[in-house]
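Work through the exercises below with the sequence and the model open beside you. Try each task before reading its solution.

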Amino acid sequence: MAASMYQRDPRAGLFLGGSRTSGAEIRDQNVMACQTVSNILKSSLGPVGLDKMLVDNVGDVTITNDGATILSLLEVTHPAARILVSLATQQDKEVGDGTTSVVLLASELLRRANDLVRNKIHPTTVITGYRLACKEACRFMAEQLSTKVDKLGRDCLVNVAKTSMSSKILAADDDFFAPLAVDAMLAVKTVNPRGEKKYPVKAVNVLKAHGKSARESFMVKGYALNCTVASQAMKLRIQNAKIACLDINLAKQRMHLGVHITIDDPEQLEAIRARESEITLERVRKILATGANVILTTKGIDDLCLKEFVEAGAMAVRRCRKEDLRRIARATGATLVSSLANLEGDETFEAANLGFADEVVQERISDDELILVKGTKVVSSSSIILRGANDYMLDEMERALHDALSIVKRTLESGSVVPGGGAVETALSIYLENFATTLGSREQLAIGEFASALLTIPKTLAINAAKDSTDLVAKLRAYHNAAQVAPLNDPKRGLMFYGLDLLNGEVVDNRSAGVLEPTISKIKSLKSALEAATSLLRIDDSIQVAPEQKEEQDPHGH
C-alpha cells in the first residue's frame, strides 16, 4: 500500500495493478542482481579457482567450476540476472570456454556504468562510449596481440588445450589430456563444399567408464558405442561393414488393439499367427538382401529376427541411443531409417541407405563391452574413453574435455591465438586509457571505465591464487605500458605478451610459456559482455504485474 501511495507519478497507481520501479532504483537493483551472480562465479575463475558443489531439489550433486554449468543449475528468478545466465550459456555454445570471465566482465561493466549514470551522464552516452571502446579493443587485439597458429605449430594447439584445462579438474594431468584432445580434434577434420576446414566437436564421442585412474583414459580412432551385440552367437568382428541404421522395432507384429477378425475355422488362427511373424521376417530379409552386415537399431530385436541375423552372419545391435545413431549415420554416409514404407505403400529398403566402414568390432574395455565403428567413410570420427574414480569426477572431466575440444576447434578454424593469464585484458586496459584521452567528447569517461573494468579479470585471477593482486596488477600494467610506448622495433615491444604466472606469483612472457587462448574466444567474450551490459543499462523502468488473485472455490461447488 505504502509503495503505491508514495509513487512518483500519482496517476501511475490508478491504472497499474502491480508495482513500478523506475530510475536509479531499478538500475541499482539490476546491478545488485548481476553482482550477486558474478560473486558466485568469482572464486572459480582461473587455474587455481575453487569448485562449487550444487545440490538440486532431488538431491543430485554436481561438483564443478565451469561457469555455464554452475549458472544453468542455479534457479535464478531476477530478470536481470537471468540475462547473465543466458549470456554464459551462449558463450558456452559459441566458444565453449571463457564462460566465467564473460559474466564477471559484464557485471563489472554494468556496475561502472551505473556509477557514471549516477554522476549525471546519460546512459546513451555511456553505451556509445562502451561500443567505441569494444570496437577499438577488438581491432587492437587482432592487429597487435594475436599470433598466427602456423608460426607456432602443433605445440601451440596443445598449449591452447592446456590453458583451457588449467582451471579444471584435468589441470594436474594436462600433459596427458591436451595431446589427447588435439589428436581427437585433428582426427575429425572435414572440408565442406565451400572448401572451408571444419572440425565438428560433435564427431568426438566421449564415453565414461568407471575404474582405473584418469591417466588411463585413451582415444580410439572410430566411433565407440556403449552397447553390445544382441546375441552371443554373432560375429564380434566384421570387415568392410555395410551399416544399416534403423529406428524400427524388429519384433513380432501383433494385431493392433481394437482390430476384430471373425473366423469360422480354427486353422485360420494359425495362418494369422504365422503371418504375424512372417511380416517382421520379411523386413529383416529385405534389409539383409541389400548386403547389410551390421544392423543398429534404437528399438528392440526379438529372438525370431536374431535367428535370421545369426544365420546371415550379420551383427545386430539393439537399443542404441538415437543421438549415437545420428552421428554414426553422418560419419558413415548412412540414412537413419524410421520406416520401411515407401510412397507406393510397399515396404522396401534401399541399398543407398547403407553406410560404410572398414570394420565394426566389439571390444572389451574395463568391465564394459563396447562396439567400435572404425574407418568411417564420409566423416572420420574419434572417441575418447574417460576413466575415473567416481561419477562426479567423470562428469567434471567430461565438461573439462568438452571445453578443451571446443577451444582447439576454435583455434584450428580461426587460426590465431593471444596470450592468456590476464595479458590481453591488461594490454587493452592500458591501450583504451590512452585512447580515451585522445577523445574530446563525453565518451571519454565511459571508455576510461571500460578500461578499468577489464582489469577485473587479472585482479580476480591473482586473488584466487592467494597472491597480492594490487602488486601484481600494478607490475603487469607497468610492463604493458612500457611495451605500448616503445617504438616499433624496440625489444621492449615483447613485453606485450606478458601476463600472470599464478603458481609462482610473478609476471612472465605467456606466449613463450605456452599460456594461449584463441583470439576469437576473447573477441566473442568482449562483445557478448558488452551486449549484456548495454541491454541492462538501457532499462530505466520496471513494471511488475501482480498475479491474479484466484477466489477460493468451494470444494462442493455451492
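**Exercise 1.** Decide whether Leu269 is buried, partly exposed or exposed, and find the patch that Leu269 helps to make.

*Solution.* Leu269 has a relative accessible area of 39%. Buried means under 20%, exposed over 50% and partly exposed in between, with a 1.4 Å probe and protein chains only, so Leu269 is partly exposed. Leu269 has its place in helix H11, residues 266-289. Together with Val259, Ile261 and Ile263, Leu269 makes a nonpolar surface patch of about 310 Å²; such patches take residues with over 30% relative accessible area and no salt bridge, nonpolar side chains being joined within 5 Å. A salt bridge here is a side-chain nitrogen of Lys or Arg within 4 Å of a carboxyl oxygen of Asp or Glu.

The model is predicted: local features need pLDDT of at least 70 and side-chain atom pairs pLDDT 80 or more, while totals for chains, interfaces and linings use all residues. Residues are numbered from 1 along each chain as its sequence is written, and side-chain values use heavy atoms, without hydrogens and water.

**Exercise 2.** Is Asn464 buried or exposed, and which residues does Asn464 touch beyond four places away in sequence?

*Solution.* Asn464, which lies in helix H17 (residues 456-464), has a relative accessible area of 18% and is therefore buried. Counting contacts as heavy atoms within 4.5 Å, and leaving out residues up to four places away in sequence, Asn464 touches Lys42, Ser43, Ser44, Leu45 and Val48. Finally, a polar atom of the Asn464 side chain lies 2.8 Å from the backbone oxygen of Leu45.

Terms used
Patch = residues over 30% accessible without salt bridge, like charges linked within 9 Å, V, L, I, M, F, W, Y side chains within 5 Å. Areas by Shrake-Rupley, 256 points an atom, 1.4 Å probe, with all protein chains shown as cover. Helix = DSSP H or I, 4+ residues; strand = E, 2+ residues; numbered from the N terminus. Polar contact = N/O pair within 3.5 Å; in protein donor to acceptor, adjacent residues only side chain to side chain.
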